[in-house]
Amino acid sequence: MVREGLSRRDVLAATGTGAVVGLAGCSSDSGNGNGNGGGGGGDDVFRVGLVAFQSGPYSAFAPDIQDAFEMLIDDWNDMGGVQGMEVEGFNRDSEAAPETAIQRAQELIDSEGVDMLATFLSTDEDGGVMNVGGRNGVPTVTCATGARLLVDEQCNPYSFRAPTSTLTKAKAGAAGGVDLFGEEVFQLNPDYSWGHEIQEDWERTIEEAGGTVVDQGWAELGASDFSTHVGAIQDADPDWIQFGFAGSGAVAFMTEAQQTGIDIPQFHHVAYEPTILGAGSSVFDETRVYTPTEYTYDIDTEANQDFVDRFESETGRLPGLAAGQAYRHIEAALRAADGADGTGPDTLVSAIREWSGEVISGEYNMRSCDHQASYPMYIAEVDSADDDQIYWSVEETIPADEVLASCDEVTGRMECSVE
Amino acid sequence: MTSIGLKPRLKATQSRFVTVKTDIEETLPPQVLQFLPVIAGVALAALGFVLPAHPLQVMTHIVILAIFGVAYDLLFGYTGLLSFGHAAFFGTGAYVSIYLTTAMEWPLLAILVVAILAGVVLSLVIGIISLRTHGVYFAMLTLALAQLLYIIAYRLDVTGGASGLPTFMRPETILPVVDLGNNVHFYLLCVAILVITYLVMKRILSSPMGDVFRAIRENEERAQMIGYHTFRYKLASLTISGVFSVLAGSLFGLFLYFASPRFLYWQMSGEVLLITLFGGAGTLIGPFFGATFIVLLEEFLSPVTDHWLLFVGIAFVFVVILFPKGIVGTLTQED
Amino acid sequence: MVLPHNTLLQISVDGIVQGLYSGISFGMILVLTAAGLTLIFGLMGVVNFAHGELYAAGAYAGFVLFGVTGNFAVAVVAAVIAGFAIGAIMEVSIIRPLYDREPLYQLAVTFGAAIILIELIEVIIGPQSQPFPIPDLLSGSIAVAGYTFGTYRIFLIVAGGILVTALWLFLTKSKYGLIIRAAIFDTEMVESMGYDVNRAYTFIFGLGAAYAAIAGVLVAPLFGLFPEMGAEIIILIFVVVVVGGLGSFKGVIVAGLLIGIAQSFGQIYVPWAAEAIPFVLMVAVILYRPQGLFGVEGVFTE
């Protein structure tokens, strides 16, 4: 088992083609020796490695991710495995540090010989691990939504991902916000590369949806004092607020807004439940919080309701955004792998990049032009909250083709395109 | 003046700053000593040929952190200056090597030359600002300056912002037989740079300049009174330390095929302090053992507990209080 | 890169009022936290890297007690007690063995303590953010001359002012405060008078820690709690004490408010540079006066 992982890496290193294959973007046809012989062949086990933050600032999402991953592996083994092979899951903690995430991913390949990598990581870790997958020729499925840069410049023929969150979320959210509340928008975003993407994408899509940005504010990433911004919002008196912070910034902002008595609807670009619960359940009595989201437990498909029921009976809580994202993306990749003919990396890559079908949340298409998944988006509102649960309701469903830029628009800049 | 507290108790005992006068070399015969770094280097290099893939990665990580630690020790252990901002050098090195590899496709030698130049420039800027102060002021200033670099790297497009900069390949070398994409070759490069770093530091420390560094550590006022322009010597120590820290960072970037703003973050500065104090400040080879200890501790503890850092923290506090000379300093103590 | 700004607040009376209000209330938190750090340094020569974690510990102690009693006053008292206790334990267990060593070792050991305290918060309370509601009595807003101000922030400014004044009066006017300062400047003399100097050290460290803790619990209703909250603020606190002059009480007050206000105006007028403002300010001060605005190196000054 360990030998196998080694040999794959050694082949790549020895021929020196691993990296070249990646850059040339012709992986599926390259057949550089590892395509046929690699993977799990021989011992009838399909190995999936997950690198996700389990400790560090994002560790509050960890239980959702871990539980969903374990459930998924069990579900597949109950169904008879991938191509009849037992599925084995391996779990590594990235510690929210890129250097650790990269080394753990490499270790999963070298020591466990995984056939496929999945990640649930922060923006600063994602690129490094996608790169590990690409260099080693291991298909890598990124479950967390991330920065546009990751898709535009850092993707490679082996990387597959949830749509870049900035554009899809902005398209869904801007349409929903203008539709539900009106045209005048105040933007408040974190002042660093990802925040700039969020701001630009929302501004553009708000204008496309017929709205206008009446004013905007920026705060540093670790900001905890939002009083100047709340003052600016009061002055601008917009119909709704586009808000780009996650983490402690979101908590501080919601508290400040509630404190000042602002009851303007807030559209949170990202709303992971464990984070926004940090503001306390009472905040949601008065504050109207919306988010354009890829997943909530309230999505009305039979498969999802079944998933939600089982998740709740096993863990005692409803699956959050992180659980749904982790389950759905890895599920899609496993379904693709199940339909493939063999488990060599290039076979898997060609199976995943063409795959479309049904996952727990409904339709799911992997676009071969840019390796981004495409699925509907939802405008979800926080109905209420108690000490350890956010209760969502889906307000609007935005079809998949309305939120993702079409392949014609994007292919020019896509490094991961295999064409 | 170096004195920080005016508490009489502190002043009277200042010269008790831990000095490992019993350097490891004094316990060994000079003939062995002469070749010791080379012998150790060859032994380390030999490991590269026998270790499987993952242990080789771990070993490479240790060697790179050891270079960083040895560079840090010159400033902290021998000159008595506690920098809490050495991540500035380390992270800059990673950006230099990754950027020049991907955007410029430069060969290794050119990258290393630029890294050295970047190290000199950065050291001079940081040094001229922060060396106007002493002691804990210096520590806090270096920390703040490194954080400023972190903030900048997090925002700029050329650094990839938060997403960082990846590379798909390691640079070419002028020697056709060396392929850095081969992890064994890359490891051997790291070992070679570790040995060179050690020998250069050794050389500097046995020169008159090294004596002035130690004199500054023991009592800067006295060194000034003897007639040394201590500011210049401190700047020299910071620059040499900075240049080798940038080199270590360049290797770190190539090791991971990635540069991230996190490499500029204060936790990276804390890590090199941990490594140096664990191994033994003022021993020069101590940081190698400190790096080994920290990396292996994480390797073995992190699968068992999410809170392995708790044990690092506890171990560190114990070492600082009970074994201020670190692993190496304690083992080579003569009394 | 675009240089966005809040156009509606551009150079207006509104902008100035808003900037001062935000800046002073946040600056007061910086002052309270930095006062503890500078007190410990000025009197004992120790720079406590774990000071941010004492700030976090205060917030968490208050959080736990607020959860049990629902009473904010109890939460504040709990924070003070917890901060004082942790500070005193730190002094006795890890700082005291190092008094006869170079001060850099004390800084190093408190770095270890910071790691331990962050991990302990994660183990005991959990890694996720925790809510800390604003007490009912202090919630809502006050209207003054056509401007609305959050009641809690006004409370923060007033409470911070009182606490800082109280600390200053204690150290400069009260008998015990004078003995403590004397003990530290002339150990033998005070010991010969029958006072226990070790106890004075422990007390000072505890007192400085308690000020960090109270800042933590006061800020918790505004910013929420998370394990790294201390690590996040400590760099800014270091900038405050370097600018003000380490060991200077006046320096901390001036620099804390200055940095709070500068950052607040920065967010309004030059948001793309706001985060860098404290650092730029620090470099400028250091180049002009290496010992900080009011610092006399190594001495506690009023």
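The following questions and answers introduce a predicted model and some of its chains.

Visitor: How are residues, chains and ligands numbered or lettered, and what limits apply to this predicted model?
Guide: Residues are numbered from 1 along each chain as its sequence is written, while chains are lettered from A and ligands numbered from 1 in the order in which they are written. In this predicted model local features need pLDDT of at least 70, side-chain atom pairs count only at pLDDT 80 or more, and totals for chains, interfaces and linings use all residues, with side-chain values using heavy atoms and leaving out hydrogens and water.

Visitor: What pattern does chain C follow along the sequence?
Guide: Helices (H or I, at least four residues) and strands (E, at least two) are DSSP runs, numbered from the N terminus. Chain C has 11 helices and 2 strands. Read in sequence order, the pattern is α-α-α-α-β-β-α-α-α-α-α-α-α.

Visitor: What percentage of the residues in chain C is buried?
Guide: A residue is buried under 20% relative accessible area, exposed over 50%, and partly exposed in between (1.4 Å probe, protein chains only). Of the 302 residues in chain C, the buried ones make up 63%.

Visitor: How many residues does each chain give to the contact between chain C and chain B?
Guide: Contact means heavy atoms within 4.5 Å. The two sides consist of 56 residues from chain C and 52 residues from chain B.

Visitor: What area do chain C and chain B bury between them?
Guide: Buried area is the accessible area (1.4 Å probe) that two parts lose on being put together, summed over both. Carbon and sulfur atoms hold 75% of the area here. The total for chain C and chain B is about 5100 Å².

Visitor: Which residues form the salt bridge between chain C and chain B?
Guide: A salt bridge requires a side-chain nitrogen of Lys or Arg within 4 Å of a carboxyl oxygen of Asp or Glu. The count between these chains is 1. With a distance of 2.4 Å from N to O, the partners are B:Arg155 and C:Glu275.

Visitor: Which helix gives the most to the side of chain C that touches chain B?
Guide: Several elements give two or more residues to this side, including helix 1 (13-44), helix 3 (72-95) and helix 4 (103-124) of chain C. The greatest contribution, 16 residues, comes from helix 4 of chain C.

Visitor: Where is B:Thr276 found, and which backbone oxygen lies 2.7 Å from a polar atom of its side chain?
Guide: B:Thr276 belongs to helix 11 (residues 266-279) of chain B. B:Thr276 counts as buried because its relative accessibility is 0%. The oxygen at 2.7 Å from a polar atom of its side chain is that of B:Val272.

Visitor: With which side chain does the side chain of A:Glu294 make a polar contact?
Guide: A:Glu294 lies in the loop between strand 10 (289-293) and helix 15 (302-315) of chain A, and it counts as buried because its relative accessibility is 2%. A polar contact is a pair of N or O atoms within 3.5 Å; within protein, one must be able to donate a hydrogen and the other to accept it, and residues adjacent in sequence count only if both atoms are side-chain atoms. At 3.5 Å, the partner is A:Lys169.

Visitor: What is the phi of B:Leu284?
Guide: Most residues other than glycine have a negative phi. B:Leu284 is in the loop between helix 11 and helix 12 (286-301) of chain B. Its phi is positive, near 65 degrees.
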